[in-house]
Structure formats: C-alpha cells, structure tokens
Amino acid sequence: MQLEVQEKVSLKNFCTYKTGGQAAYYGVAKSIDEMIGLRNFAHEKQIPFMILGGGSNVLFADEGYPGLIIHNRMEAIQFQGETVTAESGLQLMKLLLVAAQQNLGGISGLANVPGTIGGAVYGNAGIPDLWIGNVLTHVLILPSNSDKPTVVAPEYFEFAYRESKIKKTKDIVLSVTMKLKQEPSIKIRAEINQYIKERALKQPAGNSCGSFFKNPNGFPSAGWLIEQAGCKGIMVGDAQISPKHANFIMNKGSATTADILAVASKAHQKVQEKFDIFMEPEVQIIPHNPFQKNNS
Ligand SMILES: Cc1cc2nc3c(=O)[nH]c(=O)nc-3n(C[C@H](O)[C@H](O)[C@H](O)COP(=O)(O)OP(=O)(O)OC[C@H]3O[C@@H](n4cnc5c(N)ncnc54)[C@H](O)[C@@H]3O)c2cc1C
C-alpha cells in the first residue's frame, strides 16, 4: 500500500468556514488500511493527527494545524434488506438519498445536516427529535489504542446532546450500520424536501458551521440568548453574527478565523454579562478551544 502524504496543505478549501492556515501534513484515506497507515504515520512522526470529514463543524486556526490531517474519503455503502452499512466518509445526505432510492427511510430528519457520517457520530448530529445516535445498530471503530477494527454497540458512545465519548477517547469511526424503515420512495423524498424547506427558512445561506454555540440548559436556545444580549448583526472584519439566526456566525467573504473568534467572543461575553451563562462552542476549534471556563 502506497500512502500519499503532502506537506503544507491549505485547509481553507476543506472546511465550510473557508478559513484557516495550512496543515503541516495532509493525507486522504479511501480504505481502512489507508486510515490505519496514516494514523501510524502520525504516531511514528510523533505529531498530532485529526480526522477530517466534511469540515462543516471545524474552525481551523489561521496559524494552521501542526500535525497530520487525515481526510476521510471512505464512502462505500451496502444494503441488506432494511439494514444499511455505510462507511464513515460518506456524506450523510448521500446516505439519505441512496436509501430513499431503495424505498428505505425513517431518518429524513437528518436531511441537509452537512458533513459525513463519521462527523455526525462524533458530535451526535441531528435535530431536536432525531439524533444520529438514536438510529445506529452498531458501529465499526478503530480504537485509539489498537490497529484492530472493532464493532461496538451505540451505548459505547454515551451519546448526549452534541456529545459522544469519542471526543475524549479519539477512536475513529470507520462505518455505521442502521436499520431503516421500508417506505415508498416518493413519501421519503417529500419528507426530505419538507425538512430542507424548513431549514432554508430558519438558517442563513453562506459560509458557516451552522450553530456556533450549544444550547445551554434551561434557556430557549443559544441563538435566543445572543439575540437578547443585543448581538445580532455585529461584525468583526468580515465575520458577522447573522441577522437571520443569531447562533450562526457567518464568514461574509474574507473573514479570518481570528475575526470569527473575535465576534464569537463578543457574543459569549455579552451573554455571560446579561444572563450569567457560559456558552460552550458546538464548533470544534482546532487546535485549541479558547472558550474555557477559567479564561473566558
Ligand atoms: C449550514 C449548516 C447547518 C448545520 N446544521 C446542523 C444540524 O442541524 N444539526 C447538527 O447536529 N449539526 C449541524 N451542523 C454542523 C455539522 O453539519 C455537523 O456537526 C456534522 O455532523 C459535522 O460532520 P463533518 O463530516 O463535516 O465533520 P468535520 O467538521 O469534518 O469534523 C467534526 C469533528 O468530527 C471529527 N470526526 C470527523 N469524522 C470522524 C470519524 N470518522 N471518526 C472520528 N472523528 C471524526 C473531527 O475530527 C472533528 O473533531 C450544521 C453545519 C452547517 C454548515
């Protein structure tokens, strides 16, 4: 197996924010063997690594990433009756559409959540009444301490709102298996289209990572808190708190990651001052999350 690792690769084109510096090293994994090989490359070089899916929930520092970015392009999908097994680099939306062609639904609520299946499992992506963690039968992972792919049950992940255990363990999701629901394709497509329409009404179009902060317990939403704190529309450079949805911080064109973090910090601070609430970012800020309770 020939592994291709490039040096000094710009990350801007690999994330929906379109910001960030260069990765010291970058490689694409199209198979489990390549995934293992690339992770071993990082271990041997004693550099950090991270798996990149669709880049729709990451904000890369302008200084770049000092290790290896492993871009997950494992995309095989297989059906057996109502059961589907899909590799983690497949776009979640592609899974929905291919399943619909096979008259299999039951997961239309995940329509238009950008990114890959692996990224969705990592952050337990979804909508209030449907998280990906609820629809998994089992998952093939590459444990952080072993080169042996291992099947685990959904309980392994300890899923919660935008949380999974692998945020700490750093296991890699290789593939997922789900049991879907037999339904006419036309009904599934109509449901998917309805969810897409609802999203378009609520969410601003453009470069973002979706919701920037998690919704704190006991309040309507992070967006509501940011709006009440008077932050809708504020800008730093080309980064703006969306006038349409206050938890979306947009790159209006030439924003840097520093601009996005500056505008996010303003909202964070104003919400803390007004409501005494510490908002946790939902976006993965790479390599370090600056929103820590003791230094905010
Ligand atoms: C317009 C917009 C709307 C959005 N709406 C929603 C929404 O409704 N609900 C929601 O939950 N999210 C939403 N998001 C956020 C985003 O789509 C999800 O978090 C998505 O699941 C991220 O997947 P990704 O492949 O892009 O992950 P990436 O951004 O590539 O990675 C995110 C994290 O997952 C890790 N990761 C990725 N793949 C793997 C893997 N195979 N194994 C282990 N770790 C991995 C990465 O290392 C990183 O830490 C939205 C984003 C945008 C831009």
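**Exercises: a hairpin, two sheets and a ligand shell**

To warm up, look at E6 and E7: they form a hairpin with 2 residues between them, and Gly81 in the turn has a positive phi of about 60°. Keep in mind that this is a predicted model: local features need pLDDT of at least 70, side-chain atom pairs count only at pLDDT 80 or more, and totals for chains, interfaces and linings use all residues. Residues are numbered from 1 along each chain as its sequence is written.

**Exercise 1.** Work out how E6 and E7 pair, and which residues stand opposite each other.

*Solution.* Start with the terms. Strands (E, at least two residues) and helices (H or I, at least four) are DSSP runs numbered from the N terminus, and two strands pair if DSSP finds at least two bridges between them.
- Step 1: E6 and E7 (residues 83-87) run antiparallel over 4 bridges.
- Step 2: go across the pair; Gln80 faces Thr83 in E7, and Gln78 stands opposite Thr85.

**Exercise 2.** Place this hairpin in its sheet and find the edge strands.

*Solution.*
- Step 1: the open sheet has 5 strands in the order E6-E7-E13-E11-E12, with antiparallel pairing.
- Step 2: strand E6 (77-80) and strand E12 (150-152) are the edges, each pairing on one side only.
- Step 3: on average, neighbouring strands here are turned by 20° against each other, direction ignored. Such angles are taken between N-to-C directions, from 0 to 180 degrees, using axes fitted to C-alpha atoms (for helices, over the stretch in contact).

**Exercise 3.** Now take the open sheet of 3 strands and find what packs on it.

*Solution.*
- Step 1: its order is E15-E16-E17, again with antiparallel pairing.
- Step 2: the edges are strand E15 (235-236) and strand E17 (249-251).
- Step 3: 3 bridges join E16 (residues 239-241) to E17, and Ala239 stands opposite Asn251.
- Step 4: helix H7 (residues 257-275) packs on this sheet, touching E15, E16 and E17, at about 25° to the direction of E16. Contact here means C-beta atoms, placed from the backbone, within 7 Å.

**Exercise 4.** Describe the shell around the ligand: which residues come nearest, and which element gives the most?

*Solution.*
- Step 1: there are 32 residues around the ligand, and Gly53, Gly115, Gly118, Gly119 and Gly210 come nearest. A residue is near if its C-beta atom, placed from the backbone, lies within 6 Å.
- Step 2: helix H3 gives the most, with 4 residues.

Methods
Contact = placed C-beta atoms within 7 Å.
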